[in-house]
Amino acid sequence: MLEAVYNKKYTRKYSPHRFSVAPMLDWTDRHCRYFHRLLSSHALLYTEMVTTGAILHGNQQRHLQFNPAEHPLALQLGGSDPADLALCAKIGADFGYDEINLNVGCPSDRVQNGRFGACLMAQPELVADCVAEMRQAVQIPVTVKSRIGIDDMDSYQELTNFIAQVAAAGCETFIVHARKAWLSGLSPKQNRDIPPLRYDVVQQLKQDFPQLAIVINGGILTLEAAQELLQELDGVMLGREIYHNPYLLAQVDAQIFNAAGPLKSRHEIVLALQPYIEQQLQVGERLNSITRHMLGLFHGVDGARLWRRHLSENANKKGADQRVLMQALEFIA
Ligand SMILES: Cc1cc2nc3c(=O)[nH]c(=O)nc-3n(C[C@H](O)[C@H](O)[C@H](O)COP(=O)(O)O)c2cc1C
């Protein structure tokens, strides 16, 4: 379905997973995604992880609403109860998401206590049940984002056992963060840096499961590195580098999707965001909730430090509006 929607919209030969921006809690909220979408029409975007509890017992509109411009867009769910996940997948599909992704990679304590995230790698049967029920509930693809292992459960055989069981339940696309997670002893932040990256393991997975779409994630910093990985793998997912240096996304359509179109300048992106900001301020959003995602836009450009500082110090003030953004722009050479 995502392929169909995507191909209809862009008439592309590439998989929508060829380049994606990672789900990042507190970072890839709807404002961030709207901004990222101005930089790339083709990259697949992911929401932050939303738990089944938040959807079933919280404010659904607040957790799930998005702007139609954000397509193609995947909803990442956190949970481990098959029936709850199926219900949330259905709710997500009804909201109009293009894909439902299950988080089997997050190592935080809070997530472990809820018995989901990376600890689910130890329960492939349960993940398979979750995927099977979600697949039954929706027409859109159900995908899984995992690690290559957890704790001492990190043999290649255990990983392939996990993938095989979950694939048999109907998951055709796996996004694999190419490092294991230590569930005790390391913080989530440390778990994103300390366990060594093992791209070779993910590449081996693609060899052993050629029928699956395998997307690699973790530590990819340039489009050249992405291109190289794309020689063997179906997709790359970038997280922190895009967040801190979002202008990298502006080259993705041309370089990764081979799509024609002029490269937008950083200034053009800021100006293109104006109508959105105006509309969001009118409905009571604070300027900072949008501009906080833009601090890295001028990364590497003269004046970038002053741009960041002006926004950080002023966008949070009561009544801050577009003028703060325009003043920040004046610091750029
Ligand atoms: C602030 C932050 C929040 C994150 N939140 C999530 C999340 O909600 N779900 C998830 O699957 N991964 C989450 N991650 C992990 C990223 O999706 C990604 O797997 C990780 O950062 C490695 O990719 P990178 O090296 O390109 O950043 C988060 C990472 C960061 C930095």
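Reader: How many helices and strands does the secondary structure of the protein come to?

Author: Keep in mind that this is a predicted model. Going through its secondary structure, you get both kinds of element, and the tally for the protein is 17 helices and 8 strands.

Reader: Why is the protein said to be as compact as a globular protein of its length?

Author: Start with the spread: along its principal axes, the C-alpha trace spans about 55 × 45 × 45 Å. Then take the globule rule, which gives 20 Å for 333 residues. The protein is as compact as a globular protein of that length because its radius of gyration is close to that value, at 20 Å.

Reader: Where does the ligand sit, and which residues around it are the closest?

Author: The ligand's spot is the largest pocket. There, 17 residues surround it. By class, that shell has 7 nonpolar, 7 polar and 3 charged residues. The closest ones are Gln 76, Asn 217, Gly 219, Gly 239 and Arg 240.

Reader: Which residue has a polar side-chain atom 2.7 Å from a nitrogen atom of the ligand?

Author: Let's go through some polar contacts, which are N or O pairs within 3.5 Å. Met 49 has a backbone N or O atom 3.3 Å from a ligand oxygen. Lys 145 uses a side-chain N or O atom, 2.8 Å from an oxygen of the ligand. The residue whose polar side-chain atom lies 2.7 Å from a ligand nitrogen is Gln 76.

Reader: And how much of the ligand's accessible area does the protein cover?

Author: On its own, the ligand has 610 Å² of accessible area. Of that, the protein covers 92%.

How values were computed. Residues are numbered from 1 along each chain as its sequence is written. This is a predicted model: local features need pLDDT of at least 70, side-chain atom pairs count only at pLDDT 80 or more; totals for chains, interfaces and linings use all residues. Side-chain values use heavy atoms; hydrogens and water are left out. A residue is near a molecule or strand if one of its heavy atoms lies within 4 Å of it. A polar contact is a pair of N or O atoms within 3.5 Å; within protein, one must be able to donate a hydrogen and the other to accept it, and residues adjacent in sequence count only if both atoms are side-chain atoms. Accessible areas come from the Shrake-Rupley method with a 1.4 Å probe; for residues, only the protein chains shown count as cover. On a 1 Å grid over the protein atoms alone, a cavity is a set of points where a 1.4 Å probe fits but cannot get out, and a pocket is an open set with protein on both sides within 12 Å along at least five of seven lines; lining residues have an atom within 4 Å of a point. A molecule sits in a cavity or pocket if more than half of its atoms lie within 2 Å of its grid points. Ala, Val, Leu, Ile, Met, Phe, Trp, Tyr, Cys and Pro count as nonpolar, Asp, Glu, Lys and Arg as charged, and the others, Gly among them, as polar. Helices (H or I, at least four residues) and strands (E, at least two) are DSSP runs, numbered from the N terminus. The radius of gyration is taken over C-alpha atoms; the globule rule is 2.2 Å times the number of residues to the power 0.38.
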